[in-house]
Amino acid sequence: MKCPSCGSEYPYHDGNLWVCPECAHEWNEETQADTAGAEDSSVVRDANGNQLADGDTVTVLKDLKIKGSSQAVKGGTKVKNIRLVDAGDGHNIACKIAGFGAMNLRSEFVKKS
């Protein structure tokens with residue numbers, strides 16, 4: 001049994017609840033089984049918690065330095081027609097930004113427009 005909140009491998013059974021010693025999350029095994037499919041891990045959300053989809057337009061929230069360049073994407077830059085990807089390095093948005101070209105962004109630094 002793993003903690004559904006933090007993924008810890010050390011939860012313990014306390015009465016009719018499971019308790020995680022690392023994050024203090026408590027859950028009922030039967031109730032958790034019913035809601036296990038409710039939150040899909042492949043859902044990508046912006047900084048405000050809005051769900052993002054392919055083709056959305058987003059706005060960059062803060063200046064983002066570009067690795068290997070002296071330029072930065074300025075906060076307030078609109079990015080149209082995003083694609084959701086699983087790059088494995090935390091970057092989950094692929095897009096083209098005018099003046100910069102193709103790049104990947106993290107959803108935590110954008111908001112849906």
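UniProt positions are given in the numbering used here, and the annotations may be inferred rather than shown by experiment. The UniProt record, an unreviewed entry, places "domain: Protein YjdM N-terminal" at residues 2–28. The figures below show a predicted model.

**Figure 1. Overall architecture of the predicted chain.** The chain holds one helix and eleven strands. Along the sequence, these elements follow the pattern β-β-β-α-β-β-β-β-β-β-β-β. The radius of gyration is 19 Å, well over the 13 Å that the globule rule gives for 113 residues, so the chain is more spread out than a compact globule. Along the principal axes, the C-alpha trace spans about 60 × 25 × 20 Å. Of the 113 residues, 24% are buried. The chain exposes about 7600 Å², with carbon and sulfur atoms supplying 44% of that area. Of the contacts between residues at least 6 apart in sequence, 36% join residues at least 24 apart.

**Figure 2. Division of the chain into two parts, domain 1 and domain 2.** Domain 1 comprises residues 1–38, and domain 2 comprises residues 57–112. Their C-alpha centres are 35 Å apart. The unreviewed UniProt entry supplies its own annotations: "domain: Protein YjdM N-terminal" covers residues 2–28, and "domain: Protein YjdM C-terminal" covers residues 44–112. The N-terminal span, residues 2–28, is 0% helix and 30% strand, and its end C-alpha atoms are separated by 13 Å. For residues 44–112 the corresponding content is 0% helix and 35% strand, with the end C-alpha atoms 11 Å apart.

**Figure 3. The open sheet formed by β1, β2 and β3.** The three strands are arranged in the order β1-β2-β3, and their pairing is antiparallel. β1 (12–14) and β3 occupy the edges, each with a single partner strand, so one side of each has no neighbour in the sheet. Three bridges join β1 and β2 in the antiparallel sense. Within this arrangement, Tyr12 stands opposite Val19 in β2. Strands of a sheet pair through backbone hydrogen bonds, in either a parallel or an antiparallel manner.

**Figure 4. Ala24 in the loop between β2 and β3.** This loop links β2 (17–19) to β3 (26–27). Although Ala24 is not a glycine, its phi is positive, at about 65°. Ala24 has a relative accessibility of 57% and therefore counts as exposed, the cut-off for that class being over 50%.

**Figure 5. Asn81 in the loop between β7 and β8.** Asn81 lies between β7 (78–79) and β8 (83–84). Its phi is near 55°, a positive value in a residue other than glycine. With a relative accessibility of 55%, Asn81 counts as exposed.

**Figure 6. Surroundings of Ser107 in the loop between β10 and β11.** The flanking strands are β10 (101–105) and β11 (110–112). Is Ser107 buried or exposed? Ser107 has a relative accessible area of 9% and is therefore buried, since the buried class lies under 20%. Leaving aside residues up to four places away in sequence, Ser107 touches Val44, Arg45, Asp46, Ala47, Leu52, Asn92 and Ile93.

Note on methods: Residues are numbered from 1 along each chain as its sequence is written. This is a predicted model: local features need pLDDT of at least 70, side-chain atom pairs count only at pLDDT 80 or more; totals for chains, interfaces and linings use all residues. Side-chain values use heavy atoms; hydrogens and water are left out. Helices (H or I, at least four residues) and strands (E, at least two) are DSSP runs, numbered from the N terminus. Domain bounds come from an automatic or database domain assignment. The radius of gyration is taken over C-alpha atoms; the globule rule is 2.2 Å times the number of residues to the power 0.38. Buried means under 20% relative accessible area, exposed over 50%, partly exposed in between (1.4 Å probe, protein chains only). Contact means heavy atoms within 4.5 Å. Accessible areas come from the Shrake-Rupley method with a 1.4 Å probe; for residues, only the protein chains shown count as cover. Two strands pair if DSSP finds at least two bridges between them.
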